[in-house]
Amino acid sequence: MSDETLSNLLREERRFPPPKELAGSANVTDATYEQAADDPDAFWAEQAKRLDWDTEPTETVDWSNPPFAKWFADGTLNAAYNCCDRHVEAGHGDRVAFYFEGEPGDTREITYAQLTAEVKQAANALTELGVTSGDRVAIYLPMIPEAVVAMLACARLGAPHTVVFGGFSSDALATRIADCGVEVVITADGGYRRGAPSDLKSAVDQALTKCEGVRSVLVVQRTGQDVEMTEGRDLWWHDFVGGQSDEHTPEAFPAEHPLYIMYTSGSTGTPKGILHTTGGYLVGTSYTHWAAFDLKPETDVFWTAADIGWVTGHSYLVYGPLVNGTTSVMYEGTPNTPHQGRWWEIIEKYRVSILYCAPTAIRTFMKWGPEFPEQFDLSSLRLLGSVGEPINPEAWVWYRHYIGGDRVPVVDTWWQTETGMIMVSPMPGVSEAKPGAAMTAVPGVSVDVVNDEAHSVPNGSGGYLVVTKPWPAMLRTLWGDDQRFIDTYWSRFEGLYFAGDGAKKDDDGDIWLLGRVDDVMNVSGHRMSTTEIESALVSHPKVAEAAVVGATDDTTGQAIVAFVILRTEAGDGGPDVVQELRTHVAAEIGAIAKPRQIMVVEELPKTRSGKIMRRLLRDIAENRELGDVTTLTDSSVMTLIKDNLAKPDSPQE
């Protein structure tokens, strides 16, 4: 972010106090902050009472071996029981857990009693396939209820799940399956995307040619496409799971038992397997869901508009809301299928009261215009949330005005796959919100902005956002690689957690997020590694070298821009080659990684030590004046690149 942009951002002077009617009945008050600050351990011990424990914990946090934390370590519990059975036992079996809306318009209304029965059937099916505590199961599904059922069935058995986003390629799927030693895969014939069925099963088949350890594949019949079924390995979900008993007694597991592994991009290019465990994660997600969204589970209809393949879907579509006994909406499709008012139609239909989505979506709706939401009754909304990337003030204000009718709070949340739960956010009954600001740490969480020497910066200054104390839902390690966990998150500042985001404190001490400071891009709220995309490009036979940067984009926040040097035999490139390379990246990683722009160049700017100067390429991508070029081996390279890109027939897209 440029200094000028930052300066403009922090001149934001609009303030929005909490609505009086909300403040009067808010879940979180000023006293909550005081209690949490006075004794954080006691505060989190109190929040642990949200769960039903088989063995009540007597310990809160064990930080005797940092950075390896243990939370509620002597307690035992079952995650699926806390999400399902206990609500039925408490007399809430008839409460709707999910309103499912398929992209073609098919719907399902799933009560807590029905969800519990389906989870028990799926747990019995997995047991019959030999899945036991500690075994890993991969889930590669579209946004359908079976994805939730599969996750909870794994949790019920103590089998860590790894959910892989359905938009990822077979290679990306194979990498994740191999890394954590998956033995069973749950997938579907396909899903619906932009009005047409998309294929999933063939990607699994292709991935499993590289993964010998998978013995069983469960296939949900979603689209009715013809798929290859391998005898002795592949089973139809509706036959195999549907024929199981809906009686199953859950087993209690230690609070530190692994719950799931989620892969996220790292600056080295190799995806990292983030490990979350059970007790602390459920406490952190259920508390922050209840607090940040002022949740009233008896009356609210909550919609997290995030795919289940990302952490937002895990924490605030599945685990947090279900622990809290919430009614949620689950939508399979895109915002503009079959029309650009689809989201608002869903909100009107189900009387959604809380919407949680990414700034990318909000900016897209701004581009489409207010005439689409204006066609629908959005009066049921009482709170709006934002997640995934920093939100610019104008998008914040548009969201509040056109979607919230100038009457509801906007909760802009900062957190990560690694943190598991919301870490920085206004509290809707307390905070005087500022458009674009994440504001302050949630009660019980301790964050700061520090400089290069790890000293806290004064108000009005910028630096690096760090977490200074352990928190319940924190990642415990990287799957199979404790040293990479230490090196990635705990080595930059001794004793402080840092995962690559810059931030600034304004004059009031409130926090503004400034985006990534490493080689990870935030594209539509999804973290993408520059190295991973560069590796995909270089794997193409026509590419000799590649450099990738993230460039500011009005809609997606950041967009992927690639600079490539072609091999001699590839000629001088051209539109066909550029399109071929974009398609190749999509095939290697997934469509989400397809570069917005590929620029064919003769040389790349490098320092004398051989390091590519990506900040200069970012200047080019964003059409800015070049920064300091004195450290380059040959500063004329940048002139050549600029001149080449200025040619009318320059091969780029």
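This report describes selected cores, strands, helices and residues of a predicted model.

## Nonpolar cores

The largest nonpolar core of the model contains 157 residues. Leu115, Leu152, Ile308, Tyr319, Leu322, Ile533 and Leu537 are the residues with the most contacts inside this core. Helix α8, spanning residues 145–157, supplies the largest share, with 10 residues. A second core of 34 residues is separate from the first and includes Val96, Ile346, Phe365 and Ile403.

The surroundings of Leu115 can be listed individually. Leaving out residues up to four places away in sequence, Leu115 touches Cys84, Ala97, Phe98, Ile110, Val148, Val149, Leu152 and Leu322. Two of these partners, Leu152 and Leu322, are themselves named with Leu115 among the residues with the most contacts inside the largest core.

## Strand β4 and its partners

Strand β4 covers residues 96–101, and six of its six residues are buried; the strand is therefore largely enclosed by the rest of the structure. Strands of a sheet pair through backbone hydrogen bonds, in either the parallel or the antiparallel sense. Both senses are found for β4: the strand runs antiparallel to β5 (residues 107–111), to which five bridges join it, and it pairs in the parallel sense with β17 over four bridges.

Individual bridge partners can be named on each side. Val96 is matched with Thr111 in β5, while Tyr99 has Val329 as its bridge partner in β17. The hairpin of β4 and β5 has five residues between the strands, and Gly105 takes a positive phi near 105° there.

## The loop after β17

Thr334 lies in the loop that runs between β17 (327–331) and α14 (342–350). With a relative accessible area of 2%, Thr334 is buried, because the cut-off for a buried residue is under 20%. The side chain of Thr334 forms a polar contact of 2.6 Å with the side chain of Thr337. When residues up to four places away in sequence are not counted, Thr334 touches Glu103, Arg193, Arg194, Arg342 and Trp343.

## An open antiparallel sheet

Four strands form an open sheet with antiparallel pairing, in the order β21-β22-β24-β25. The edges are taken by β21 (447–450) and β25 (511–516); each has a single partner strand, so one side of each is left without a neighbour in the sheet. On average, and with direction ignored, neighbouring strands of this sheet are turned by 40° against each other.

The edge strand β21 pairs with β22 (residues 462–467) over four bridges in the antiparallel sense. Within this pairing, Val449 has Leu465 of β22 as its bridge partner.

## Packing of helices α6 and α7

Two packed helices are described by the angle and the distance between their axes. For α6 (residues 85–92) and α7 (residues 112–128), the axes come within 9 Å and cross at roughly 145°. The crossing of α6 past α7 is left-handed. Asp85, His87, Val88 and His92 make the contact from α6, and Tyr112, Ala113, Thr116 and Lys120 make it from α7.

## Asp205 in helix α10

Asp205 belongs to helix α10, which covers residues 201–208. Its side chain makes a polar contact of 2.9 Å with the side chain of Arg233. Apart from neighbours within four places in sequence, the residues in contact with Asp205 are Glu228, Arg233 and Asp234. Asp205 and Ser170 are 35 residues apart in sequence, and their C-alpha atoms are 8.3 Å apart in space.

Note on methods: Residues are numbered from 1 along each chain as its sequence is written. This is a predicted model: local features need pLDDT of at least 70, side-chain atom pairs count only at pLDDT 80 or more; totals for chains, interfaces and linings use all residues. Side-chain values use heavy atoms; hydrogens and water are left out. Helices (H or I, at least four residues) and strands (E, at least two) are DSSP runs, numbered from the N terminus. Buried means under 20% relative accessible area, exposed over 50%, partly exposed in between (1.4 Å probe, protein chains only). A polar contact is a pair of N or O atoms within 3.5 Å; within protein, one must be able to donate a hydrogen and the other to accept it, and residues adjacent in sequence count only if both atoms are side-chain atoms. Contact means heavy atoms within 4.5 Å. A nonpolar core is a set of buried Ala, Val, Leu, Ile, Met, Phe, Trp, Tyr and Cys residues joined through side-chain atoms within 4.5 Å. Two strands pair if DSSP finds at least two bridges between them. Axes are lines fitted to C-alpha atoms, for helices over the stretch in contact, and angles run from 0 to 180 degrees between N-to-C directions. A crossing is left-handed if the near helix is turned anticlockwise from the far one by less than a right angle, and right-handed if clockwise.
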